[in-house]
Amino acid sequence: MRILYKYMPFRLSFFDDPLLRLTPPSDLNDPFDSKPTQAGIDKKLKFFFDDQGDYASAESKSEGVRSTYERGLRDGLGQFGIISLTEDPYNLLMWSHYAAEHKGLVLSIACDSSTFEYHDKFTERCGVSKTKPTRVRYSNMRPGYQMPDSAIYEYFEYNFYTHFATTKGNDWIYEKEYRYLLRLTEADVAVVDVGFENWVNNRGPDISITHLRSNTYKVEASSPQKRDLLPWVSNCARKKGNIQCDAVQAIEKNAITGIYFGSRVSEEAILQARESSEKKTLFGESVGFHKSIVSQDRFEINFELLD
């Protein structure tokens, strides 16, 4: 089991309900990230349609089928969400960018296939889903002209999608990133920001809605038997321009092994977080709490174990 780290802002609500966002490619902060290139798509089209010779049916050679397949290659990763982790909890840039300028925290997570609970049976068969974290590779060339044969010469798109979802530019190498890549249908909860209450009041008895703050609501199925409704509700919300909907995944009990508060987190906030976590069995008794300490001699931080 590998220990990896998650940078995040400080949210007291996390200690009541530890959830991590499944970020779709369209919401990633890098416009190149998880976006298949035309060169890569063309190679896949050539293999699938042009290299089959007499084995290709007349139907598969039609422009309609070809354009539909091309659109699927371009947009297929939109069905997935990414949970980004790192092997480095000391990186000052990530503390500034992802942990609210040292006012946030870093989670230490024991990562394997049991870190999250999976509900969608297709996840076990889907070659794109990564139920164990996969290391991101870095390159100065976008995938396309240089792609492994396994990403091209396959009759499914598992390796094709995986290659684009786990390759980033060299400028990101300092992040030392690992990724879970999961279908959005695996989400346990949707967190929805709405501008009007009418949407909230018309969801029906099969959906449970909890008010979190301001215009933000937690949406979940009213029972395990109704889980299949959650992706449908989430998709409906995303199609409305004035509603933001995030799919989130619950962390399994005892997966969190440590919490590292930033140097700018107040003592009062740390105390509140610890009191909340102690009330929840999800964190387990072995979770260690640490505070980041700024070095007086070097541009670096260290961690102090809190009593």
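These questions and answers walk through a predicted model of one protein.

User: How many helices and strands does the protein have?
Analyst: Start with the overall make-up. Buried residues account for 48% of the 307 residues. The exposed surface is about 16400 Å², with 49% of it from carbon and sulfur atoms. The secondary structure comes to eight helices and 15 strands.

User: Among contacts between residues at least 6 apart in sequence, what share joins residues at least 24 apart?
Analyst: Phe80 gives one example of a distant pairing. Its C-alpha atom and that of Leu184 are 104 residues apart along the chain, yet separated by 5.1 Å. For the protein, the share is 78%.

User: Is Phe80 buried or exposed?
Analyst: Phe80 belongs to strand E3, residues 80-86. Leaving aside neighbours within four places, its contacts include Thr23, Pro24, Cys126, Val128 and Leu182. Buried means under 20% relative accessible area. Phe80 has 4%, so it counts as buried.

User: Which backbone nitrogen lies 3.0 Å from a polar side-chain atom of Ser139?
Analyst: Ser139 sits in strand E6, residues 137-139. Its relative accessible area is 14%, so it is buried. Beyond four places in sequence, Ser139 touches Lys168, Gly169 and Asn170. The backbone nitrogen at 3.0 Å belongs to Met141.

User: What covers the buried residues of H1?
Analyst: Helix H1 spans residues 38-50. Its buried residues include Ile41, Lys44, Leu45 and Phe49. Residues three or four places apart on an α-helix point the same way, because there are 3.6 residues a turn. The cover over H1 includes helix H2 (63-75) and helix H5 (158-165).

User: How many bridges join E14 to strand E15?
Analyst: Strand E14 covers residues 288-294, and five of its seven residues are buried. E14 and E15 make a hairpin, with six residues between them. The two strands run antiparallel, and His290 has Leu305 as its bridge partner in E15. The number of bridges is five.

User: Which residue in E14 is the bridge partner of Ile259?
Analyst: Strand E13, residues 256-261, also pairs with E14. That pairing is parallel and has four bridges. The partner of Ile259 is Phe289.

User: How many residues apart in sequence are the parts that Asp17 and Lys218 tie together?
Analyst: Asp17 and Lys218 form a salt bridge, with the closest N and O atoms 2.4 Å apart. Asp17 lies in the loop between strands E1 and E2, while Lys218 is in strand E11, so the pair ties together parts 201 residues apart.

User: Is Lys218 buried or exposed?
Analyst: Its partner Asp17 has 26% relative accessibility and counts as partly exposed. The cut-off for buried is under 20%. Lys218 is at 14%, so it counts as buried.

User: What is the distance between the closest N and O atoms of Asp27 and Arg21?
Analyst: Asp27 is partly exposed at 41% relative accessibility. Arg21 is partly exposed too, at 29%. The two form a salt bridge with a closest N and O distance of 2.6 Å.

User: Which residues do salt bridges with shared partners join into one network?
Analyst: The salt bridge count comes to 13. One of these links Arg298 and Glu300 at 3.3 Å, N to O. Arg298 is exposed at 57%, and Glu300 is partly exposed at 32%. The network joins Asp33, Lys168, Glu175, Glu177 and Arg179.

Conventions: Residues are numbered from 1 along each chain as its sequence is written. This is a predicted model: local features need pLDDT of at least 70, side-chain atom pairs count only at pLDDT 80 or more; totals for chains, interfaces and linings use all residues. Side-chain values use heavy atoms; hydrogens and water are left out. Buried means under 20% relative accessible area, exposed over 50%, partly exposed in between (1.4 Å probe, protein chains only). Contact means heavy atoms within 4.5 Å. Accessible areas come from the Shrake-Rupley method with a 1.4 Å probe; for residues, only the protein chains shown count as cover. A polar contact is a pair of N or O atoms within 3.5 Å; within protein, one must be able to donate a hydrogen and the other to accept it, and residues adjacent in sequence count only if both atoms are side-chain atoms. Two strands pair if DSSP finds at least two bridges between them. A salt bridge is a side-chain nitrogen of Lys or Arg within 4 Å of a carboxyl oxygen of Asp or Glu.
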